[in-house]
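Open the structure in your viewer and keep the selection panel handy. We will make two stops, a pocket and a helix.

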Amino acid sequence: MAAIATVLVASACSSSSSSSGGGDSKGFALSKDGKGKKITVWLMEDAQKGWPDVVEAAKKEFTAQTGAEVDIQWQTWTNYTTKLDTALAASGGPDALELGNTQVAKYIEAGSFADLTGVKSQFDNSDKWLDSLAASGQSPDGSKTYAVPYYAGARVLIYRKDLFEAAGVAQAPTTLAELKDALTKVKAANANVPNFSALYMPGQNWYSAVSFGAGQFGVKGVIAKKDGEKWTGNLTDPKFVEGVKTWNDLQKEYSVGGTTTDEATQDALMAKGNIAAIIGNGWEVTSVADPKTGDPALKDKLATIALPGAAAGAPTPAFLGGSDLAVPAKAANAGLGATFLQIYTNTAQQTALAKFAIPNAKNLVAAYKAADPTNKAAGDAAEGATWFIPNSPLWSGADETALKTAFGAIASGGDAAAELKKAQETIVKDLNG
């Protein structure tokens, strides 16, 4: 999965032009007039290592349709935004590129990407794109599209099968009520284990807390939404507060994770043996069982499911990390660049990619789950409702800190509505510049 799933982009740009983007969508068109031309595409080395055959298939189809060749230039995440800043500020950069979904807002704000709104319908499955990835490529109000979803990674519930079974929980829970019942049994069965957490959920794990809030409130405009030229907050919406109270009840009843820490060390802590479940990215299973930093003896004892929601088949909304694809506004061959992205993200290529990562549309996730039984949990989470941070370059680490502080205070016994109001005031002030 993309290494930048939790990276938050900060920028001092004004938010006043965030819906203008990179040009007039009505004047933008895909192009197949590429005879004698070569386009440049920047892709992360994740594809080079994971699904090079998918890239090659897209290149061949693109050349067959347009007559143009493709020069794939492989990139790394290290210092990538610095390289992007330089390339996008001048002509001569790539004709299409990949970037992390939390990096996109900065470039939409700056008008760095072509406005793809008018051609969006020409991309396969664009009406079924994953919620979070689709939102990350849009203007803050969701009316325009500047980046195309590529692939994703999702947070899931990672749990100890052996501890659940020993406590009499034979089947994985499918609802929050069943999860609470299971955790109660696991907690009772391990009452003599020092510092035992049936569900380790430290107070400052804001991703998990917001997910529960979104479970009641919904996934559009989570945290804040753009209303005309101004951002307004939704953290104090009664439904969001109610969802956060559900999170806090679980935290108080089943976790000894503390109120002043986040999830950064949870994999290593789970490996010590006194944690039955955590909420984390799917790849954290490997981290918990890592021979160097975890406990390899847990490898076959770990399982994953989408974090249950109020009803079976409707998981608690997850935050998706991942990658998007865009066309620079100053690209020499913008129309051809967009055509390559259209081909690279079509149903055939995304179905092939699904053997390695969560594809970009809900109707294709079944192929990901079919590729490996261990993919089911993340696939279920991605198929469900998912949420995204406010899509603004003014979202910063300070806003993340405000959320951590609020949820830590709530976990310590503070009033949920009052603490969320404090965080909301900070966040809305930041987003409005």
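Start by selecting helix H5 (131-136), which gives the second largest pocket the largest share of its lining, four residues. Helices here are DSSP runs of H or I with at least four residues, strands are E runs of at least two, and both are numbered from the N terminus. This is a predicted model, where local features need pLDDT of at least 70, side-chain atom pairs count only at pLDDT 80 or more, and totals for chains, interfaces and linings use all residues. Residues are numbered from 1 along each chain as its sequence is written, and side-chain values use heavy atoms, with hydrogens and water left out.

Next, add strand E5 (224-227) and strand E10 (386-387): each of them also supplies at least two lining residues. To centre the view on this pocket, pick Ala135, Gln138, Val219, Lys220 and Gly221, which lie nearest its centre among 25 lining residues. (A pocket is an open set of points on a 1 Å grid over the protein atoms alone where a 1.4 Å probe fits, with protein on both sides within 12 Å along at least five of seven lines; lining residues have an atom within 4 Å of a point.)

Now move to helix H7, residues 176-189. Which residues of H7 are buried? Select Leu176, Leu179, Ala182, Leu183 and Val186; buried means under 20% relative accessible area and exposed over 50%, with a 1.4 Å probe and protein chains only. Turn to the face away from that buried side and you will find the exposed Ala177 and Ala188. Finally, show strand E4 (147-160) and helices H6 (161-166), H8 (206-217) and H9 (238-254), against which the buried residues of H7 pack.

Technical notes
The expected span of a helix is 1.5 Å times one less than its number of residues. Contact means heavy atoms within 4.5 Å.
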